[in-house]
Amino acid sequence: GGVWRYRRSVVGGQGSSPVAGVDTDDVSMQNWGHGNDMPAACILAPVRTLAAEVASGWAGGVNLSAIRLTEDRAFGWFRALQHAEPGIASRLVLNREYPNSSLGLTKFPYVRDTRRAVGLGGFRMNHTMMMAHSPRKTGPPWPDTIGLGGYNFDIKPGAGFGASNGGQRPLPPYIWNTTTNSGLAGTAAPFYFPLRAATVGGAPNVLAAGKTAALTFAANTAARVHTGEFSMGVGVGAAAAVMALRGWNSTKLLEEVEEVQALLRSPQIGQPLSWNEKIESPNLWSSRTTSK
(Lines give C-alpha, C1' and ligand atoms only; values in the text may rest on other atoms or scores of the structure.)
Protein backbone atom coordinates (compact mmCIF):
# COMPACT_ATOMS: atom_id res chain seq x y z
CA GLY A 1 0.00 0.00 0.00
CA GLY A 2 2.89 2.41 0.64
CA VAL A 3 4.13 2.75 -2.94
CA TRP A 4 0.56 2.62 -4.21
CA ARG A 5 -0.52 5.59 -2.08
CA TYR A 6 2.72 7.48 -2.78
CA ARG A 7 2.09 7.36 -6.53
CA ARG A 8 -1.73 7.54 -6.42
CA SER A 9 -3.27 10.30 -8.53
CA VAL A 10 -6.97 9.39 -8.20
CA VAL A 11 -8.60 8.06 -5.01
CA GLY A 12 -11.49 5.71 -5.70
CA GLY A 13 -14.10 4.16 -3.42
CA GLN A 14 -12.90 4.27 0.19
CA GLY A 15 -12.25 0.93 1.87
CA SER A 16 -13.65 -1.14 -0.98
CA SER A 17 -10.56 -3.27 -1.72
CA PRO A 18 -9.24 -6.35 0.10
CA VAL A 19 -5.75 -4.80 0.09
CA ALA A 20 -5.03 -2.28 2.86
CA GLY A 21 -4.46 1.22 1.55
CA VAL A 22 -5.81 0.42 -1.92
CA ASP A 23 -9.34 1.33 -3.03
CA THR A 24 -11.48 0.27 -5.98
CA ASP A 25 -11.19 2.73 -8.90
CA ASP A 26 -7.88 4.12 -7.66
CA VAL A 27 -5.42 5.31 -10.29
CA SER A 28 -1.77 4.95 -9.28
CA MET A 29 1.02 5.94 -11.69
CA GLN A 30 3.99 3.70 -10.97
CA ASN A 31 7.19 2.37 -12.45
CA TRP A 32 9.14 0.94 -9.55
CA GLY A 33 12.39 -0.93 -9.10
CA HIS A 34 15.50 0.75 -7.64
CA GLY A 35 13.05 3.39 -6.48
CA ASN A 36 11.05 5.34 -9.06
CA ASP A 37 14.15 5.94 -11.19
CA MET A 38 15.87 4.38 -14.19
CA PRO A 39 19.57 4.29 -13.24
CA ALA A 40 20.58 1.87 -15.99
CA ALA A 41 20.27 4.28 -18.92
CA CYS A 42 20.12 7.96 -19.80
CA ILE A 43 17.18 9.15 -21.86
CA LEU A 44 19.28 11.78 -23.65
CA ALA A 45 21.35 10.55 -26.58
CA PRO A 46 25.10 11.15 -26.16
CA VAL A 47 26.22 14.43 -27.73
CA ARG A 48 28.74 12.57 -29.90
CA THR A 49 25.90 10.72 -31.68
CA LEU A 50 23.72 13.74 -32.47
CA ALA A 51 25.49 14.72 -35.70
CA ALA A 52 24.99 11.22 -37.09
CA GLU A 53 21.35 11.30 -36.00
CA VAL A 54 20.78 14.57 -37.84
CA ALA A 55 22.27 13.05 -40.99
CA SER A 56 20.39 9.75 -40.83
CA GLY A 57 17.04 10.80 -39.38
CA TRP A 58 16.32 13.03 -36.38
CA ALA A 59 14.68 11.18 -33.49
CA GLY A 60 14.53 14.05 -31.03
CA GLY A 61 17.96 13.59 -29.50
CA VAL A 62 16.66 10.89 -27.18
CA ASN A 63 18.00 7.42 -26.45
CA LEU A 64 15.31 5.13 -27.85
CA SER A 65 16.91 2.12 -26.15
CA ALA A 66 16.52 3.86 -22.78
CA ILE A 67 12.85 4.54 -23.48
CA ARG A 68 12.38 0.88 -24.38
CA LEU A 69 14.01 -0.12 -21.06
CA THR A 70 11.63 2.09 -19.10
CA GLU A 71 8.63 0.70 -20.97
CA ASP A 72 9.75 -2.90 -20.40
CA ARG A 73 10.24 -2.24 -16.70
CA ALA A 74 6.82 -0.59 -16.45
CA PHE A 75 5.14 -3.67 -17.90
CA GLY A 76 7.25 -5.91 -15.67
CA TRP A 77 6.30 -3.92 -12.57
CA PHE A 78 2.63 -4.12 -13.53
CA ARG A 79 2.89 -7.91 -13.85
CA ALA A 80 4.68 -8.11 -10.48
CA LEU A 81 1.88 -6.11 -8.84
CA GLN A 82 -0.74 -8.40 -10.31
CA HIS A 83 0.84 -11.32 -8.45
CA ALA A 84 1.77 -9.46 -5.26
CA GLU A 85 -1.42 -10.43 -3.40
CA PRO A 86 -4.00 -13.22 -3.91
CA GLY A 87 -6.97 -12.07 -5.96
CA ILE A 88 -5.30 -8.94 -7.29
CA ALA A 89 -4.70 -10.07 -10.90
CA SER A 90 -8.37 -9.78 -11.86
CA ARG A 91 -8.75 -6.38 -10.18
CA LEU A 92 -5.66 -4.57 -11.49
CA VAL A 93 -5.70 -3.28 -15.07
CA LEU A 94 -3.72 -0.86 -17.21
CA ASN A 95 -5.89 2.24 -17.54
CA ARG A 96 -5.52 3.31 -21.17
CA GLU A 97 -8.04 6.16 -20.88
CA TYR A 98 -6.29 8.07 -18.09
CA PRO A 99 -3.00 8.70 -19.98
CA ASN A 100 -4.86 8.56 -23.33
CA SER A 101 -2.36 6.08 -24.78
CA SER A 102 -2.88 2.73 -26.42
CA LEU A 103 -0.25 1.07 -24.19
CA GLY A 104 -1.62 2.34 -20.91
CA LEU A 105 1.70 4.08 -20.22
CA THR A 106 2.20 7.84 -19.92
CA LYS A 107 3.14 9.53 -23.17
CA PHE A 108 6.16 11.24 -21.68
CA PRO A 109 8.66 10.05 -19.07
CA TYR A 110 9.46 12.24 -16.11
CA VAL A 111 12.91 13.70 -16.75
CA ARG A 112 14.88 14.82 -13.70
CA ASP A 113 17.69 16.48 -15.61
CA THR A 114 18.59 17.68 -19.09
CA ARG A 115 21.15 19.83 -20.85
CA ARG A 116 21.41 23.14 -19.06
CA ALA A 117 22.34 26.68 -20.04
CA VAL A 118 25.32 28.74 -18.93
CA GLY A 119 24.26 32.26 -18.00
CA LEU A 120 25.68 35.68 -18.77
CA GLY A 121 29.30 35.98 -17.75
CA GLY A 122 29.51 32.22 -17.28
CA PHE A 123 27.10 32.28 -14.34
CA ARG A 124 25.73 28.99 -13.06
CA MET A 125 23.82 28.62 -9.81
CA ASN A 126 25.58 25.98 -7.74
CA HIS A 127 24.52 23.98 -4.69
CA THR A 128 26.31 26.22 -2.16
CA MET A 129 23.98 29.06 -3.22
CA MET A 130 21.09 26.96 -1.88
CA MET A 131 22.59 26.29 1.55
CA ALA A 132 22.07 28.19 4.80
CA HIS A 133 24.99 30.02 6.39
CA SER A 134 24.54 31.06 10.04
CA PRO A 135 22.75 33.12 11.17
CA ARG A 136 20.70 33.07 7.96
CA LYS A 137 18.41 30.05 7.61
CA THR A 138 18.03 30.37 3.85
CA GLY A 139 20.29 30.46 0.86
CA PRO A 140 21.69 33.91 -0.01
CA PRO A 141 19.10 36.44 -1.25
CA TRP A 142 19.96 38.03 -4.60
CA PRO A 143 19.38 41.58 -5.82
CA ASP A 144 17.95 40.02 -9.01
CA THR A 145 15.69 37.43 -7.32
CA ILE A 146 12.70 36.39 -9.44
CA GLY A 147 11.53 33.25 -7.61
CA LEU A 148 11.84 30.95 -4.62
CA GLY A 149 12.58 27.25 -4.22
CA GLY A 150 12.86 24.74 -1.41
CA TYR A 151 13.79 21.07 -1.63
CA ASN A 152 16.62 18.84 -0.47
CA PHE A 153 19.48 17.78 -2.75
CA ASP A 154 18.04 14.64 -4.30
CA ILE A 155 21.03 13.12 -6.08
CA LYS A 156 20.22 10.48 -8.68
CA PRO A 157 23.43 9.16 -10.27
CA GLY A 158 22.97 8.72 -14.00
CA ALA A 159 23.89 5.75 -16.16
CA GLY A 160 27.48 4.70 -15.60
CA PHE A 161 28.01 7.01 -12.62
CA GLY A 162 28.36 6.26 -8.94
CA ALA A 163 28.87 3.15 -6.85
CA SER A 164 25.12 2.50 -6.70
CA ASN A 165 25.09 1.80 -10.43
CA GLY A 166 28.42 0.01 -10.66
CA GLY A 167 29.60 2.83 -12.89
CA GLN A 168 33.21 3.37 -13.82
CA ARG A 169 32.91 7.16 -13.66
CA PRO A 170 32.38 8.15 -10.02
CA LEU A 171 30.65 11.42 -9.26
CA PRO A 172 32.74 14.05 -7.44
CA PRO A 173 33.03 13.34 -3.69
CA TYR A 174 31.11 16.50 -2.75
CA ILE A 175 28.13 15.13 -4.69
CA TRP A 176 28.33 11.42 -3.92
CA ASN A 177 29.95 9.64 -0.96
CA THR A 178 31.03 6.24 -2.29
CA THR A 179 31.70 4.96 1.25
CA THR A 180 28.15 5.52 2.48
CA ASN A 181 26.66 5.32 -1.03
CA SER A 182 24.71 8.53 -0.43
CA GLY A 183 24.56 12.04 -1.80
CA LEU A 184 23.94 15.57 -0.58
CA ALA A 185 20.42 14.79 0.60
CA GLY A 186 18.98 17.05 3.26
CA THR A 187 21.52 19.87 3.23
CA ALA A 188 19.63 22.38 1.08
CA ALA A 189 17.72 25.28 2.63
CA PRO A 190 14.94 27.48 1.25
CA PHE A 191 16.65 29.39 -1.54
CA TYR A 192 16.26 32.18 -4.09
CA PHE A 193 16.35 32.03 -7.90
CA PRO A 194 18.30 34.92 -9.48
CA LEU A 195 17.42 36.24 -12.91
CA ARG A 196 21.02 35.49 -13.92
CA ALA A 197 20.19 31.78 -13.77
CA ALA A 198 17.60 32.35 -16.52
CA THR A 199 20.00 34.06 -18.93
CA VAL A 200 21.86 32.26 -21.69
CA GLY A 201 25.35 33.41 -22.57
CA GLY A 202 25.71 34.03 -26.30
CA ALA A 203 21.94 34.16 -26.85
CA PRO A 204 20.82 37.65 -25.76
CA ASN A 205 17.18 37.14 -26.76
CA VAL A 206 16.72 33.83 -24.91
CA LEU A 207 15.70 33.05 -21.32
CA ALA A 208 15.72 29.57 -19.81
CA ALA A 209 13.70 28.15 -16.93
CA GLY A 210 13.29 24.93 -14.99
CA LYS A 211 15.70 22.13 -15.81
CA THR A 212 17.25 24.08 -18.70
CA ALA A 213 18.27 27.07 -16.55
CA ALA A 214 21.86 27.93 -15.71
CA LEU A 215 22.26 25.47 -12.83
CA THR A 216 24.89 22.92 -11.95
CA PHE A 217 24.03 19.23 -11.75
CA ALA A 218 23.88 19.36 -7.95
CA ALA A 219 21.80 22.56 -7.85
CA ASN A 220 19.30 21.13 -10.30
CA THR A 221 18.58 18.22 -7.97
CA ALA A 222 17.03 20.69 -5.51
CA ALA A 223 15.48 23.04 -8.10
CA ARG A 224 13.81 20.42 -10.29
CA VAL A 225 10.59 19.79 -8.32
CA HIS A 226 7.30 21.42 -9.25
CA THR A 227 7.09 24.08 -6.54
CA GLY A 228 10.44 25.62 -7.44
CA GLU A 229 9.86 25.21 -11.16
CA PHE A 230 6.46 26.91 -10.91
CA SER A 231 7.97 29.88 -9.06
CA MET A 232 10.89 30.16 -11.46
CA GLY A 233 8.54 29.77 -14.43
CA VAL A 234 6.39 32.66 -13.24
CA GLY A 235 9.51 34.76 -12.75
CA VAL A 236 10.96 33.96 -16.16
CA GLY A 237 7.58 34.47 -17.83
CA ALA A 238 7.31 37.96 -16.36
CA ALA A 239 10.91 38.68 -17.34
CA ALA A 240 10.27 37.55 -20.91
CA ALA A 241 7.18 39.78 -21.12
CA VAL A 242 9.13 42.81 -19.94
CA MET A 243 12.04 42.01 -22.28
CA ALA A 244 9.73 41.72 -25.28
CA LEU A 245 7.69 44.81 -24.36
CA ARG A 246 10.75 46.99 -23.89
CA GLY A 247 12.77 45.54 -26.75
CA TRP A 248 15.64 44.72 -24.38
CA ASN A 249 18.24 42.00 -24.55
CA SER A 250 19.01 39.90 -21.47
CA THR A 251 21.89 42.14 -20.39
CA LYS A 252 19.65 45.22 -20.33
CA LEU A 253 16.92 43.18 -18.64
CA LEU A 254 19.29 42.27 -15.84
CA GLU A 255 20.23 45.93 -15.40
CA GLU A 256 16.54 46.83 -15.09
CA VAL A 257 15.51 43.85 -12.96
CA GLU A 258 13.56 46.11 -10.58
CA GLU A 259 10.88 46.47 -13.25
CA VAL A 260 10.51 42.70 -13.45
CA GLN A 261 10.34 42.42 -9.67
CA ALA A 262 7.68 45.14 -9.47
CA LEU A 263 5.57 43.23 -12.00
CA LEU A 264 5.99 40.00 -10.06
CA ARG A 265 4.90 41.67 -6.80
CA SER A 266 1.94 43.37 -8.46
CA PRO A 267 -1.66 42.32 -7.65
CA GLN A 268 -1.92 40.83 -11.12
CA ILE A 269 0.75 38.20 -10.31
CA GLY A 270 1.34 38.31 -6.56
CA GLN A 271 4.62 36.40 -6.43
CA PRO A 272 6.67 36.87 -3.22
CA LEU A 273 10.40 37.29 -3.72
CA SER A 274 11.45 36.72 -0.11
CA TRP A 275 10.70 33.96 2.38
CA ASN A 276 9.39 36.47 4.94
CA GLU A 277 7.35 38.48 2.44
CA LYS A 278 3.57 38.23 2.29
CA ILE A 279 1.82 39.35 -0.88
CA GLU A 280 -1.88 39.10 -1.57
CA SER A 281 -2.25 36.74 -4.49
CA PRO A 282 -4.85 37.50 -7.17
CA ASN A 283 -8.20 35.75 -6.85
CA LEU A 284 -8.16 33.80 -10.09
CA TRP A 285 -11.72 32.52 -9.50
CA SER A 286 -13.45 35.82 -8.78
CA SER A 287 -14.49 36.37 -12.40
CA ARG A 288 -15.78 32.83 -12.90
CA THR A 289 -19.51 32.17 -12.83
CA THR A 290 -21.12 28.93 -11.77
CA SER A 291 -24.05 27.67 -13.77
CA LYS A 292 -26.76 25.79 -11.93
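How many helices and strands are there in the protein chain? There are seven helices and four strands, and the model you are looking at is a predicted one.

**View 1. The whole protein chain, from one end to the other.**
Start at the N terminus and walk along: the elements run α-β-β-α-α-β-β-α-α-α-α. The chain has 292 residues, and 36% of them are buried. Now look at who touches whom. Among contacts with a separation of 6 or more, 63% join residues that sit 24 or more positions apart. On the outside, the chain exposes about 16,800 Å², with carbon and sulfur atoms supplying 57% of that area.

**View 2. Strand S3 and its partner, strand S4.**
Here we zoom in on S3, which covers residues 145-149. Is this strand enclosed or open? Five of its five residues are buried, so S3 is largely enclosed by the rest of the structure. Its partner is S4, residues 191-194, and the two pair in the antiparallel sense over four bridges. To get your bearings, find Leu148 and look across: Tyr192 in S4 stands opposite.

**View 3. Two aromatic rings, Phe191 and Phe193.**
Search the whole structure for aromatic pairs and you get just one. The ring centres of Phe191 and Phe193 are 5.4 Å apart and the planes meet at 90°, so this pair counts as edge-to-face. If you wonder what goes into such a description, it takes the distance of the centres and the angle of the planes. Are Phe191 and Phe193 buried or exposed? Both are buried.

**View 4. Arginines over rings.**
Which ring does the charged end of Arg7 sit over? That would be the ring of Tyr6, with the charged end 5.2 Å from the ring's centre. A similar scene involves Arg196: its charged end sits over the ring of Phe123, 5.0 Å from the centre.

**View 5. Where the predictor is less sure of itself.**
The protein chain averages a pLDDT of 85, and 88% of the residues score at least 70. Two stretches are worth picking out. Over residues 162-166, pLDDT stays under 50, yet the model has 14 contacts there beyond four places in sequence. Over residues 288-292, pLDDT also stays under 50, and how many contacts beyond four places in sequence does the model have for them? Zero.

Conventions. Residues numbered from 1 in each chain as written. Predicted model: local features only at pLDDT ≥ 70, side-chain atom pairs only at ≥ 80, totals over all residues. Heavy atoms only, no water. Buried < 20%, exposed > 50% of the residue type's maximum accessible area, 1.4 Å probe, protein only. Contact = heavy atoms within 4.5 Å. Areas by Shrake-Rupley, 256 points an atom, 1.4 Å probe, with all protein chains shown as cover. Pairing = 2+ DSSP bridges. Phe/Tyr/Trp six-rings, centres within 6.5 Å; stacked < 30°, edge-to-face > 60°. Lys NZ or Arg CZ within 6 Å of the ring centre and 35° of its normal. pLDDT = per-residue confidence, 0-100.
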